[in-house]
Amino acid sequence: MKRVAAENEKRLREEIEAKRQKICEPGEKASDISFNLDSAMEVETETGTATQIEEFDYLFHTSTAKPPFDETYFANDNVDLAYRFGISISTVSRTFSAWMVVLDARLASLIRWPEHEDLRQTMPQCFQVAFGNKTTVIIDCFEVFINRPSNLMARAQTYSNYKNHNTVKILVGITSQGSISFALNAWGGRTSDKFLTDNCGILKKLLPGDLVMADRGFNIQESLIFHRAKLAIPTFTRGKDQLDPVDVEGTRGIANV
């Protein structure tokens with residue numbers, strides 16, 4: 001019995017080592033990859049078929065010897081996908097990048113700036129109660145982690161003090177109904193929200209009387225004045241013992257939507 005168990009463990013170790021070597025290979029064309037989940041979720045052994053859950057349990061818990069992988073090895077999503085599908089990391093990267101191009105080509109046409117009349121006719125009631133029919137766009141920025149560039153200038157331009165990491169920053173605008181109405185090409189993570197808003201072109205789409213909702217970091221009141229538009233942001237509480245009743249009511253209206 002012990003001999004059979006030892007042989008099974010040896011075979012499983014060999015299979016794991018083969019997978020590890022496969023992950024580090026240069027890769028193959030995305031069109032040549034078989035994404036059959038049934039085959040990817042099973043590992044053949046001498047005594048039958050082990051599920052991937054059982055295999056992972058062996059990797060991290062069952063064996064008394066040092067496991068071939070530790071928990072941090074799969075922290076990278078590309079490594080995890082490469083292991084699950086039995087392909088190389090570079091193949092995962094190329095496949096992901098190829099599909100990003102396809103998604104952009106297919107979905108870009110869905111991002112459009114709506115007509116004001118359409119916004120007014122479909123304005124949610126909570127926005128009407130708080131701001132009337134003036135809310136045109138809700139803007140925010142998000143950051144995506146990237147690998148540290150080898151170029152020193154690019155490294156400085158993409159380093160985000162907020163995230164303490166190299167990132168790219170994207171500004172997105174949505175309507176009060178929840179549809180995406182504006183999306184900007186990525187900028188370096190060092191770029192401030194104000195500079196990004198002033199130079200992305202979204203302000204040129206505003207009309208007199210429009211209301212823009214944003215987070216506290218968007219200090220763009222002066223920029224909106226030139227376009228005769230207004231800004232709605234939560235009130236700053238720093239340095240104040242108590243908020244003014246008017247500010248409290250305005251912040252409550254933003255929180256309700």
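Which element gives the most to the lining of the largest pocket? In this predicted model, that element is helix 5, with 6 residues. The largest pocket holds about 590 Å³ of space. Its lining is made up of 19 residues, and those closest to the centre are Met-100, Asp-104, Phe-142, Ile-170 and Ala-183. Besides helix 5, the elements that give two or more residues to this lining are strand 3 (135–145), strand 5 (165–174) and strand 6 (180–183).

Helix 5 itself comprises 19 residues, from 89 to 107. From its first C-alpha to its last, helix 5 reaches 27 Å, close to the 27 Å expected at 1.5 Å a residue. Within helix 5, Thr-91, Val-92 and Thr-95 are buried. These three residues lie on the same side of the helix, because they cover an arc of only 95° around its axis. An α-helix has 3.6 residues a turn, so residues three or four places apart point the same way. Helix 4 (77–85) is included in what covers the buried residues of helix 5. On the other side of helix 5, Val-101, Asp-104 and Ala-105 are exposed. Asp-104 thus appears in two descriptions: as an exposed residue of helix 5 and among the residues closest to the centre of the largest pocket.

An annotation bears on this part of the chain. In an unreviewed UniProt entry, residues 80–108 are covered by the annotation "domain: Transposase Helix-turn-helix". In the model, the span 80–108 is 86% helix and 0% strand, and its end C-alpha atoms lie 29 Å apart.

Enclosed space was also examined. The count comes to 1 cavity of 30 Å³ or more. The largest cavity has a volume of about 40 Å³. Its lining consists of Val-137, Ile-139, Thr-197, Ile-202, Leu-203, Leu-206, Val-212, Ile-220 and Leu-224.

A further site is Pro-208, placed in the loop between helix 9 (193–199) and strand 8 (211–213). Pro-208 has a relative accessible area of 51%, and is therefore exposed, the cut-off being over 50%. When neighbours within four places in sequence are left aside, Pro-208 is in contact with His-227 and Arg-228. The C-alpha atom of Pro-208 is separated by 5.4 Å from that of Ala-229, although the two residues are 21 residues apart along the chain.

Note on methods: Residues are numbered from 1 along each chain as its sequence is written. This is a predicted model: local features need pLDDT of at least 70, side-chain atom pairs count only at pLDDT 80 or more; totals for chains, interfaces and linings use all residues. Side-chain values use heavy atoms; hydrogens and water are left out. Helices (H or I, at least four residues) and strands (E, at least two) are DSSP runs, numbered from the N terminus. The expected span of a helix is 1.5 Å times one less than its number of residues. Buried means under 20% relative accessible area, exposed over 50%, partly exposed in between (1.4 Å probe, protein chains only). The arc is that of the directions from the helix axis to the C-beta atoms. Contact means heavy atoms within 4.5 Å. UniProt positions are given in the numbering used here, feature names are shortened, and annotations may be inferred rather than shown by experiment. On a 1 Å grid over the protein atoms alone, a cavity is a set of points where a 1.4 Å probe fits but cannot get out, and a pocket is an open set with protein on both sides within 12 Å along at least five of seven lines; lining residues have an atom within 4 Å of a point. Grid points are joined across faces, edges and corners, and a volume is the space filled by probe spheres set on the points.
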